[in-house]
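Visitor: Hey, I've got a structure to get through before class. Can you walk me through it?
Guide: Sure, have a look and then ask away.
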Amino acid sequence: MPSRPRLRVARPAAVAPALAAALLTAPALSTAPAAAAGPDWTARPAAGGADGPGADGRPYFYLEGGPGSALRDRLSIVNRGDRPRTVRLRPAAPSTGPDAPSAARGSGAWIALAAERVTVPARTRADVPFTLTVPPDAPPGDHPGALVVTGGGREVRVRVHLRISGPVLAALSVEDVKVVKAGRGAAIHYALVNRGNTVLEPRLAVRADGLFGEVLRRDARPLHVELAPGRRVRLTEKWPGAPTLDSVDVTLTATAAGGAHAAASAGYTPVPRGALAGAAAVALGLVGGAGAWLWRRRRGRRRARDGEAAAAPARETREAREAREARETREAREPAGTGSGART
């Protein structure tokens, strides 16, 4: 379990005695006035709070330890203005809203700040220590949190990523899939829920199959959404050009690192099923009628050919009989003695 490295900072004489034990500040940053562009104060993890390259430019806090451990770090507030700046600090869950995890699930409830209100002199940096105490019964995995700094009409959230040692489970579910008509296309509404104990960045693939085959395929792509353990987020996939006369099954497949995999389906019929069934029945009736007509026509042709073949021997027999009768009649008309054996 890594411990918090000691920071090299100067202790100014201007710090109020009540905060002297908790708040560390650095000397003036510059004698130049604050730049016109950009905010006049910032909040971020203090420099030197992590080992390795880039330790001075941490985008968020990363702490790791086991149940019952106490982890320490510092939040750096920089006042670039030419007047003192007073800000308020508080711990919080990683995000707010109906789909966010509870504070007990995240690490915000376990953070104790050295000060909740800080006045930073002009062009000066103040490093505020805090301690994150992991409960003895805390489950392993990722427990995100945040430090919120407000002042001058601004609010800055600095993420705190806590990982408690132990078995890690990556689990994901796709829920509440619903496809509705939207303009000339459709919209696929769904929810993703992190059922494991590690932060997930899910990917989504979409497929739709109609009565006559596949009508939509989208390969897995990142959603650019970070799901904390227990977090539920509602999303929408736009589907321009969705079929207007078809019955479609839409399947969503979500995946994430660590082997997380989940899928869910929903049906979509842009017209009422009764009308679609009626249209299908009419189409089948037309196809069946055309087939019956072709069958009868072919059968009639076969019968005509069979009749002609059967009548051919009869015609030959009649012709032979007529020839024989004509020959007999001719022989009967010839006078006696005119045959080939008569004498003269």
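Guide: One term before we start: a nonpolar core is a set of buried Ala, Val, Leu, Ile, Met, Phe, Trp, Tyr and Cys residues joined through side-chain atoms within 4.5 Å. Also keep in mind that this is a predicted model.

Visitor: OK, so how many residues does the largest nonpolar core have?
Guide: The largest one has 31 residues. Those with the most contacts inside it are Val174, Tyr190, Leu192, Trp239, Val250 and Leu252.

Visitor: Which elements give two or more residues to that core?
Guide: They are β11 (172–182), β12 (185–194), β13 (203–210), β15 (232–239), β16 (248–256) and β17 (260–268).

Visitor: Let's pick Val174. What is Val174 in contact with?
Guide: Leaving out neighbours within four places in sequence, Val174 is in contact with Tyr190, Ala191, Leu192, Leu252, Ala254, Ala262, Ala263 and Ala264.

Visitor: And what does the second core include?
Guide: That separate core has 28 residues, and Leu71, Val118, Phe130 and Val160 are among them. As background, nonpolar side chains tend to be buried together in soluble globular proteins.

Visitor: Zooming out, how many helices and strands does the protein chain have?
Guide: The count is 1 helix and 17 strands. The chain has 344 residues, and 36% of them count as buried.

Visitor: What about contacts along the chain, how much comes from residues 24 or more positions apart?
Guide: Those account for 70% of the contacts with a separation of 6 or more.

Visitor: And the accessible surface, what does that come to?
Guide: About 20300 Å², with 53% of that belonging to carbon and sulfur atoms.

Visitor: New topic: sheets. In what order do the strands of the open sheet go?
Guide: The open sheet has 5 strands in the order β3-β10-β9-β5-β7, and the pairing is mixed.

Visitor: Which strands stand at the edges?
Guide: β3 (61–65) and β7 (117–120) do; each has a single partner strand, so one side of each is left without a neighbour in the sheet. From one strand to the next, the twist averages 25 degrees.

Visitor: Do me a favour and unpack "mixed". Is the pairing of β3 and β10 parallel or antiparallel?
Guide: β3 and β10 (residues 154–164) pair in the parallel sense, over 5 bridges. Across that pair, Leu63 stands opposite Leu162, and Phe61 stands opposite Val160. You met Val160 earlier, in the second core.

Visitor: And in what sense do β9 and β10 pair?
Guide: β9 (residues 141–151) pairs with β10 in the antiparallel sense over 11 bridges. One example is Pro144, whose bridge partner in β10 is His161.

Visitor: How many residues sit between β9 and β10?
Guide: There are 2 residues between them, and the two strands form a hairpin. In the turn, Gly152 has a positive phi of about 65 degrees.

Visitor: Now charges. How many salt bridges does the structure hold?
Guide: It holds 15 salt bridges. In one of them, the side chains of Arg85 and Asp40 meet at 2.8 Å, N to O. That pair links distant parts of the chain, 45 residues apart: Arg85 is in strand β5 (residues 85–92), and Asp40 is in the loop between β1 (24–26) and β2 (41–45).

Visitor: What about the salt bridge between Asp127 and Arg125, is Asp127 buried or exposed?
Guide: Asp127 counts as buried because its relative accessibility is 2%, and buried means under 20%. Arg125 counts as partly exposed at 23%. Their side chains meet at 3.1 Å, N to O.

Visitor: Which residues do shared salt bridges join into one network?
Guide: Take the pair Asp176 and Arg232 to begin with, a salt bridge at 2.2 Å, N to O. Asp176 is in β11 and Arg232 in β15, 56 residues apart. Salt bridges that share partners then join Glu175, Asp176, Arg195, Arg232 and Arg234 into one network.

Visitor: Last one: where is Ala257?
Guide: Ala257 is in the loop between β16 and β17.

Visitor: And why does Ala257 count as exposed?
Guide: Because its relative accessibility is 64%, and exposed means over 50%. Not counting residues up to four places away in sequence, Ala257 touches Ala170 and Leu200. The C-alpha atoms of Ala257 and Ala170 are separated by 7.4 Å, with the two residues 87 apart along the chain.

Note on methods. Residues are numbered from 1 along each chain as its sequence is written. This is a predicted model: local features need pLDDT of at least 70, side-chain atom pairs count only at pLDDT 80 or more; totals for chains, interfaces and linings use all residues. Side-chain values use heavy atoms; hydrogens and water are left out. Helices (H or I, at least four residues) and strands (E, at least two) are DSSP runs, numbered from the N terminus. Buried means under 20% relative accessible area, exposed over 50%, partly exposed in between (1.4 Å probe, protein chains only). Contact means heavy atoms within 4.5 Å. Accessible areas come from the Shrake-Rupley method with a 1.4 Å probe; for residues, only the protein chains shown count as cover. A salt bridge is a side-chain nitrogen of Lys or Arg within 4 Å of a carboxyl oxygen of Asp or Glu. Two strands pair if DSSP finds at least two bridges between them. Axes are lines fitted to C-alpha atoms, for helices over the stretch in contact, and angles run from 0 to 180 degrees between N-to-C directions.
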